[in-house]
Amino acid sequence: MSSIQTMHAPAGTATDGHALPTSLVLLLATGAGLSVASLYYAQPMLGVLGADIGASPRAVGFIPTLTQLGYALGILLLAPLGDRFDRRRIVLIKAAALCAALLVAGAAPSIGVLLAASLAIGLAATMAQDIVPAAAALAPEASRGKTVGTVMTGLLLGILLSRVVSGFVAEHFGWRAMFIAAAASIALIGAAAWRGLPRFRATTHLAYGALLGSLGTLWSRHGALRRAALAQALLAVGFSAFWSTLAVMLHGAPFHLGSAAAGAFGLAGAAGALAAPLAGRLADRRGPQLVTRLGAGLAVVSFAAMGLAPLMTPHAQLWLLALAAVGFDLGMQATLIAHQTIVYSIEPGARSRLNAVLFTSMFIGMAAGSALGALSLAQWGWAGVTWLATGTAAAALAVRLLPAPRKP
């Protein structure tokens, strides 16, 4: 990889016309997955660490809240810096900061320190949102969708498998060991990025305030960006509504299952994540517009199929939920890959800012989905969650079926 280190990625373009080395794609995918996994390690360990550190359940509940808040703020306030400075340097700085924050969390003597570390973890974990635009900038146009899809597979597997790993490590070695192991993994990724990631030239020299202000300019200028952000946010509503209420639904009648069963459904979602490179390859060959429609359509069908659950036995309902999870997760991720392909081609010199707009919109949809999902479950039961998810996915499909906006 040492020969790669000396390369400079031209502003907004691939390094050359050839496919990226497999080792570099693997580095990018692993870095994205391990960094974003840091957001979710704490969730299965909340009960254990709360008792150990002497914190109330209410206080412990702020740990994932602050982590997600830090991530959302980081996407909005830090991710645009990738257009202003060398992305390689930003990745290295964030890797060091994330490693330090994880070590502080692992050694936290009180809930106050742990909460502060959680916010810092969220901010620094946005290195994943620097890695994905880096992959798009490095990849040749002919294989950009495939490359972004592969890197996103790493990111998505990091999200889906982090809870499984942390639950196992915490049970056998303690919750502090998980944070320390996570810090070690980020340190290794930082070292590999220092050796293997090329330098990137800045694509703008705007001051920080003007850089953030340009997010609004990009939004108003590009109809394709608004369309992608809206459709992805609508899909995120249903996605989040399902996952945020699944454990509560499974805990009640007729299933009476624990949190481990809900976590196991994440493995079903992983099957969808593994298909992300296929979606990227299809976007390269047939165009991303088609993939967005296929992905949104698959999500609609998968969510709607859950409406058949009351007609089935409890055992059959679990199989239906698992198959639906595979289907809508595949649809969600395929559409995201295609949207990234669309967005990254709008203004190559603004990829980090375009990425920030897309993902900020998606996380707004995630937050709305959690709130609306809880409300729907309380008012109308699981059927309410099903129809909420189906309706928002159908709205996303409608957005994608509209005629493409004309380029200015």
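Does Ser185 count as buried or exposed, and at what relative accessibility? Select Ser185 in helix α10 (residues 175–196). At 17% relative accessibility, Ser185 counts as buried (buried is under 20% relative accessible area, exposed over 50%, partly exposed in between, with a 1.4 Å probe and protein chains only). Now add Gly31 to the selection: its C-alpha atom is separated from that of Ser185 by 9.2 Å, although the two positions lie 154 residues apart along the chain.

Before going on, note what is on the screen. This is a predicted model, in which local features need pLDDT of at least 70 and side-chain atom pairs count only at pLDDT 80 or more, while totals for chains, interfaces and linings use all residues. Residues are numbered from 1 along each chain as its sequence is written, and side-chain values use heavy atoms, with hydrogens and water left out.

**Whole chain.** Colour by secondary structure to see 18 helices and two strands (DSSP runs numbered from the N terminus: helices are H or I with at least four residues, strands E with at least two). Of the 408 residues, 53% count as buried. Among contacts with a separation of 6 or more, 84% join residues 24 or more positions apart (contact means heavy atoms within 4.5 Å).

**Helix α3.** Select residues 46–53, where the buried residues are Leu46, Leu49, Gly50 and Ile53. They lie on the same side of α3, because they cover an arc of only 105 degrees around the axis (the arc is that of the directions from the helix axis to the C-beta atoms). An α-helix has 3.6 residues a turn, so residues three or four places apart point the same way. Turn to the face away from the buried side to find the exposed Gly47 and Ala51. Just after α3 comes Gly54, with a positive phi near 75 degrees.

**Helices α5 and α7.** Show residues 62–77 and 111–124, whose axes come within 6 Å and cross at roughly 30 degrees (axes are lines fitted to C-alpha atoms, for helices over the stretch in contact, and angles run from 0 to 180 degrees between N-to-C directions). The two helices are therefore roughly parallel (under 35 degrees is roughly parallel, over 145 roughly antiparallel, 65 to 115 roughly perpendicular, and the rest oblique). Residues in the contact include Phe62, Leu66 and Gly70 of α5 and Leu114, Ser118 and Gly122 of α7. By class, the contact has 11 nonpolar, five polar and no charged residues (Ala, Val, Leu, Ile, Met, Phe, Trp, Tyr, Cys and Pro are nonpolar, Asp, Glu, Lys and Arg charged, and the others, Gly among them, polar).

**Helices α6 and α7.** Keep α7 and add α6, residues 87–106: the pair packs at about 160 degrees with axes 8 Å apart. α6 and α7 are therefore roughly antiparallel. Among the residues that meet are Lys94, Ala97 and Leu98 in α6 and Val113, Leu114 and Ala117 in α7. This contact has 12 nonpolar, no polar and one charged residues.

**Helices α8 and α9.** Move to residues 128–138 and 144–173, which pack at about 160 degrees with axes 8 Å apart. That makes α8 roughly antiparallel to α9. Ile131 and Val132 of α8 are among the residues meeting α9, where Val148 and Val151 are included.

**Ser352.** End in helix α17 (residues 351–380) at Ser352, which is buried with a relative accessible area of 0%. Leaving aside neighbours within four places in sequence, Ser352 is in contact with Ala79, Pro80, Gly82, Asp83, Arg87 and Pro133.
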